[in-house]
Amino acid sequence: MIKVSESAARRAKMLMEDDGLNPETAFIRVGVKSGGCSGLEYELKFDENALENDKIFEDNGVKIAVDKKSFLYLVGTTLEFSGGLNGKGFVFNNPNAARTCGCGESFSL
């Protein structure tokens, strides 16, 4: 399961609406790909079309779609939103990551 914090859910719904998407039917697609300074890099985008191999979760009123391969790296992760002085954006709190880069956008197991 992938969780969504309340602040991330609020922000995601607002951004979906800004993009002309309906938060009731759209979802956040998260994934993992090779890259970044730690070896694996997070991906995040809004989508309305589920794929055959997607796992779909819902938390705090927001749907999350993740492909089966990426799910192995993301199980137990919480998507959070940081709006502090050090920058704004979505943050992955991944308990499976053994090491992360300084910016938090990439990780390794």
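These are legends for a set of close-up views of a predicted model.

**View 1. The whole chain: two helices and nine strands.** Start here to get your bearings. Going along the sequence, the elements come in the pattern β-α-β-β-β-β-α-β-β-β-β. The protein has 109 residues, and 39% of them are buried. Take the contacts between residues at least 6 apart in sequence, and 51% of those join residues at least 24 apart. As for the surface, about 6,400 Å² is exposed, with carbon and sulfur atoms supplying 47% of it.

**View 2. The open sheet, with strands in the order β1-β6-β7.** Three strands make up this sheet, and their pairing is mixed. β1 (3-4) and β7 (89-93) sit at the edges with a single partner strand each, so one side of each has no neighbour in the sheet. Strands of a sheet pair through backbone hydrogen bonds, and the pairing can be parallel or antiparallel. Here β1 and β6 run parallel and are joined by two bridges. Between β6 (residues 78-82) and β7 there are five bridges, and these strands run antiparallel.

**View 3. Leu79 in β6, with a partner in β1 and another in β7.** Zoom in on β6 and look at Leu79. Val4 stands opposite Leu79, and in β7 the bridge partner of Leu79 is Phe92. Elsewhere in the β6 and β7 pairing, Thr78 stands opposite Asn93. In a regular strand, side chains alternate between the two faces of the sheet.

**View 4. Helix α1 lying across β1, β6 and β7.** α1 covers residues 6-18 and runs at about 75 degrees to β6. How far apart are the end C-alpha atoms of α1? They are 18 Å apart, which agrees with the 18 Å that 13 residues should span at 1.5 Å a residue. After α1 comes Gly20, with a positive phi near 80 degrees.

**View 5. The two sides of α1: buried residues and exposed ones.** Which residues of α1 are buried? They are Ala8, Ala9, Ala12 and Met16. Looking down the axis of α1, these buried residues fall within an arc of 100 degrees, so they line one face of the helix. An α-helix has 3.6 residues a turn, so residues three or four places apart point the same way. The buried residues of α1 pack against β1, β2 (27-34), β3 (40-47), β5, β6 and β7. Flip to the other side of α1 and you find Glu6, Arg10, Glu17 and Asp18 exposed.

**View 6. Phe90 in strand β7.** Is Phe90 buried or partly exposed? With a relative accessibility of 22%, Phe90 counts as partly exposed, because buried means under 20%. Not counting residues up to four places away in sequence, Phe90 touches Ala8, Arg11, Ala12, Leu15, Leu44, Leu79, Glu80 and Phe81. Two of these, Ala8 and Ala12, also belong to the buried residues of α1. For a distance to check, the C-alpha atoms of Phe90 and Glu80 are 5.6 Å apart, with their positions ten residues apart in sequence numbering.

**View 7. Val30 in strand β2.** Val30 counts as buried, at 4% relative accessibility. Leaving out residues up to four places away in sequence, Val30 touches Ile2, Glu43, Leu44, Ile64, Ala65, Val66, Asp67, Leu74 and Phe92. Along the chain Val30 and Ala65 are 35 residues apart, yet their C-alpha atoms are separated by 6.3 Å.

**View 8. The hairpin of β4 and β5, with Asn60 in the loop.** Strands β4 (residues 54-59) and β5 (residues 62-67) run antiparallel, joined by six bridges. Two residues lie between the strands, and beside that loop Asp59 has Val62 as its bridge partner in β5. What is the phi of Asn60? It is positive, about 50 degrees, although Asn60 is not a glycine. Most residues other than glycine have a negative phi, which makes this loop a handy place to look at the backbone. Asn60 counts as partly exposed, with a relative accessibility of 37%.

Technical notes: Residues are numbered from 1 along each chain as its sequence is written. This is a predicted model: local features need pLDDT of at least 70, side-chain atom pairs count only at pLDDT 80 or more; totals for chains, interfaces and linings use all residues. Side-chain values use heavy atoms; hydrogens and water are left out. Helices (H or I, at least four residues) and strands (E, at least two) are DSSP runs, numbered from the N terminus. Buried means under 20% relative accessible area, exposed over 50%, partly exposed in between (1.4 Å probe, protein chains only). Contact means heavy atoms within 4.5 Å. Accessible areas come from the Shrake-Rupley method with a 1.4 Å probe; for residues, only the protein chains shown count as cover. Two strands pair if DSSP finds at least two bridges between them. Axes are lines fitted to C-alpha atoms, for helices over the stretch in contact, and angles run from 0 to 180 degrees between N-to-C directions. The expected span of a helix is 1.5 Å times one less than its number of residues. The arc is that of the directions from the helix axis to the C-beta atoms.
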